[in-house]
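Please open the structure in a viewer and keep the selection tool at hand. The tour below proposes what to select at each stop and describes what is found there.

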Amino acid sequence: MNTPLRGTLIAAAALLTLSACDRIDEQVHKAAQDSRDALTAVAKQTDATEVELGQFLSAQRAGQCMTSGQASSFRRDLAEAKSAISEATVIELDQLVPVLDDDDGEQQAKARDLIAALETKTSAARRDLADLQARIAAVEAVRKDPDQYRRMIMQRSDVLWDHGVEAAKLAEQARAAYPRRVAMAGGKDPFAGREEIVFLTAAAETADRLASDADANMQAAAAGDIWNCVTIADAHRTIADLHAQAGEKLATASKDFAALDRHETRILVDQKAVYTVRIGRSSWDYSGGADVNRLFDPVPVPADTYEYVVNLEEDTRLAFKDRHWEDVRPDIPEEHWRHLRPDDPFVEWPHDEHHDEASFWVQDWDWNHYHKYRIVTGEGSEVTDWISVDATGYDYYKDALGMEVVSKPVGKFYDEAYTAPAPPGMSLVGDSRYGEWRTPDGEPVAPEEVEQAAEAHAGSGANPLLWYFLGRWSAFNGPYGSDYRYSYTGFRNYTANYQGREAYHGRPNADGRKPFGTRGYLTTASQTYRSSTFHQTGAFKAHAVPASIRGAGPAGRGGGPGGGGK
């Protein structure tokens with residue numbers, strides 16, 4: 001193909017593309033029509049349900065099976081569905097249709113938003129109708145076989161009551177085991193206030209009340225008196241819904257409360273970032289013929305090259321091969337091209353088609369960030385394999401190498417664990433279950449005498465009291481093989497200003513360096529740090545999180561060669 005003709009076809013394609021972009025996409029028009037059809041169907045269903053409800057209420061009132069207030073509640077249910085349809089109709093006719101009729105491509109985003117709003121209102125109406133129809137069906141089923149529904153109500157309410165008793169027992173046992181937590185809660189019960197315990201307690205009380213009402217109705221029916229089938233039907237539906245959730249709630253509560261006796265500290269011992277970019281090649285015969293595209297395998301690149309690539313303009317040409325050149329010449333800085341350049345840019349080159357020119361372009365990219373942890377429990381410790389983390393988490397903990405990033409002491413739930421970085425074991429200091437304070441002479445100090453002892457030894461130096469981990473927790477003593485111990489002064493500073501709120505890297509030394517964290521003098525002097533992947537592969541320079549992807553997920557262009565490729 002000669003060059004002028006190639007240019008003419010490209011220009012024509014560009015004009016066609018521009019013309020298409022002036023209008024709203026056909027897929028958007030189709031989505032709008034589907035949404036409008038769905039609204040029409042729900043509106044028809046609502047009309048039919050209104051007729052059905054009128055017949056139903058007449059029959060039930062004639063049979064004295066419901067009160068006037070209950071009849072009104074059915075009408076309110078229908079009114080909610082009709083209100084949602086009215087709001088959806090306004091969106092359709094007053095907002096969406098004019099945008100579709102204008103068919104202006106610049107309004108495409110607005111059209112999508114209106115379609116989403118229309119679908120939300122239609123879905124709400126559909127749910128309201130489904131609930132109303134289920135309620136009607138339940139009342140009619142109760143009239144046919146009230147004894148069956150009474151049995152189901154009683155059986156499920158008994159189960160819910162038992163679950164409520166079990167939930168109360170979990171909270172009571174926790175209060176007895178951890179009175180210190182109760183005393184520090186300021187009048188609030190930290191165990192009975194758990195979401196699952198609150199749900200199970202309320203469910204037991206609700207089911208008991210509804211079952212009593214249903215039983216009273218059944219006794220009236222047995223005696224030949226007027227009875228209320230709506231009360232029984234509604235009680236059955238409510239209890240059935242509570243029963244469906246209660247089992248999982250109790251299982252979750254049991255698991256969470258069992259974990260109160262477990263300790264877990266998670267220490268970040270290594271971290272790495274892996275960035276990859278995949279490029280493609282388009283080659284052609286200068287004198288004519290079709291282009292041939294080839295994708296290369298993704299290659300790992302440094303953080304700065306990755307950031308450069310993801311911020312390129314779309315259709316940017318990376319490199320070019322002219323028919324007069326023996327090799328490829330980059331269009332981007334050499335410092336980035338050398339990381340992106342395939343080992344063999346001419347692999348699978350279509351010689352039989354006499355190709356003599358080519359361009360190289362970005363196909364897509366990806367990133368993965370990883371952490372490795374040492375997990376310390378009461379039974380020992382172990383180091384994990386690499387665990388994938390998102391860019392936000394990686395960036396947040398980038399300065400926390402060697403520090404605890406999760407600490408769940410005994411007596412706390414996992415969702416109450418400390419996640420602000422701290423020196424290893426720091427969140428456990430001061431808890432007599434883990435160790436004890438000692439004077440400069442090495443004498444243990446009783447927990448109730450700590451403050452008094454700290455004041456008495458205040459003149460002995462900057463660290464009047466030092467913390468000693470005992471027994472199975474002694475591994476936290478002297479982190480990284482040092483003789484460093486946590487002081488009472490540092491402990492008070494940590495608990496007052498940092499614990500659970502922000503990272504604490506320890507008190508700085510005379511040179512102003514802090515002991516803990518990725519740049520900490522204890523961390524960088526340790527063999528653990530020197531043998532880490534993070535240190536051996538370039539530390540911060542290789543594993544930084546580019547500003548362009550902080551808080552974002554992996555991305556990819558995936559568009560193949562662009563107009564800038566030739």
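Begin with the lining of the largest pocket, which by class comprises 17 nonpolar, eight polar and ten charged residues. The model on display is a predicted one. In total, 35 residues line this pocket, and the space within the largest pocket amounts to about 910 Å³. Select R180, M184, V429, G430 and D431 to find the lining residues that lie nearest the centre of the largest pocket.

Next, colour the elements that contribute two or more residues to the lining of the largest pocket: α6 (179-183), β10 (435-438), β11 (444-445), α12 (450-456) and α13 (488-497). Which element gives the most to this lining? The answer is α13, with four residues.

**The small sheet**

Keep β10 and β11 selected and add β12 (466-469). These strands form an open sheet of three, in the order β11-β10-β12, with antiparallel pairing. Why is one side of β11 and of β12 left without a neighbour in the sheet? Both strands stand at the edges and each has a single partner strand, so one side of each has no neighbour there. Between β10 and β11, which run antiparallel, there are two bridges. Select W437 to see the residue that stands opposite V445 in β11.

**F469 and the core**

Move now to F469, and leave aside the residues within four places of F469 in sequence. F469 is then in contact with G425, L428, V429, Y434, G435, S474, F476, N477 and Y486.

F469 also belongs to the largest nonpolar core, a set of 131 residues. Together with F74, V277, L318, W337, F360 and W437, F469 is among the residues with the most contacts inside this core. Select helix α4 (residues 108-144) as well: the largest share of the core, twelve residues, comes from this helix. In soluble globular proteins, nonpolar side chains tend to be buried together.

**Strand β1 and its partners**

Select β1 (264-284) next. Is this strand mostly covered or uncovered? β1 is mostly covered, with 16 of its 21 residues buried. The partners of β1 may be visited in turn, and each of the following pairings is antiparallel.

- β6 (357-377) is joined to β1 by 20 bridges; T276 stands opposite D366 in β6.
- β9 (residues 404-408) pairs with β1 over four bridges, and R266 has V406 as its bridge partner in β9.
- β3 (residues 299-301) is joined to β1 by three bridges, and V277 has V299 as its bridge partner in β3.
- β2 (residues 292-295) pairs with β1 over four bridges, and G280 has L295 as its bridge partner in β2.

**The second largest pocket**

For the last stop, select I267, R374, V376, P424 and A475, the lining residues that lie nearest the centre of the second largest pocket. About 350 Å³ of space lies inside the second largest pocket, and its lining is made up of 17 residues. The elements giving two or more residues to the lining of the second largest pocket are β1, β6 and β7 (380-383). How is this lining divided by class? The lining of the second largest pocket has ten nonpolar, five polar and two charged residues.

Terms used
Residues are numbered from 1 along each chain as its sequence is written. This is a predicted model: local features need pLDDT of at least 70, side-chain atom pairs count only at pLDDT 80 or more; totals for chains, interfaces and linings use all residues. Side-chain values use heavy atoms; hydrogens and water are left out. A nonpolar core is a set of buried Ala, Val, Leu, Ile, Met, Phe, Trp, Tyr and Cys residues joined through side-chain atoms within 4.5 Å. Buried means under 20% relative accessible area, exposed over 50%, partly exposed in between (1.4 Å probe, protein chains only). Contact means heavy atoms within 4.5 Å. On a 1 Å grid over the protein atoms alone, a cavity is a set of points where a 1.4 Å probe fits but cannot get out, and a pocket is an open set with protein on both sides within 12 Å along at least five of seven lines; lining residues have an atom within 4 Å of a point. Grid points are joined across faces, edges and corners, and a volume is the space filled by probe spheres set on the points. Ala, Val, Leu, Ile, Met, Phe, Trp, Tyr, Cys and Pro count as nonpolar, Asp, Glu, Lys and Arg as charged, and the others, Gly among them, as polar. Two strands pair if DSSP finds at least two bridges between them.
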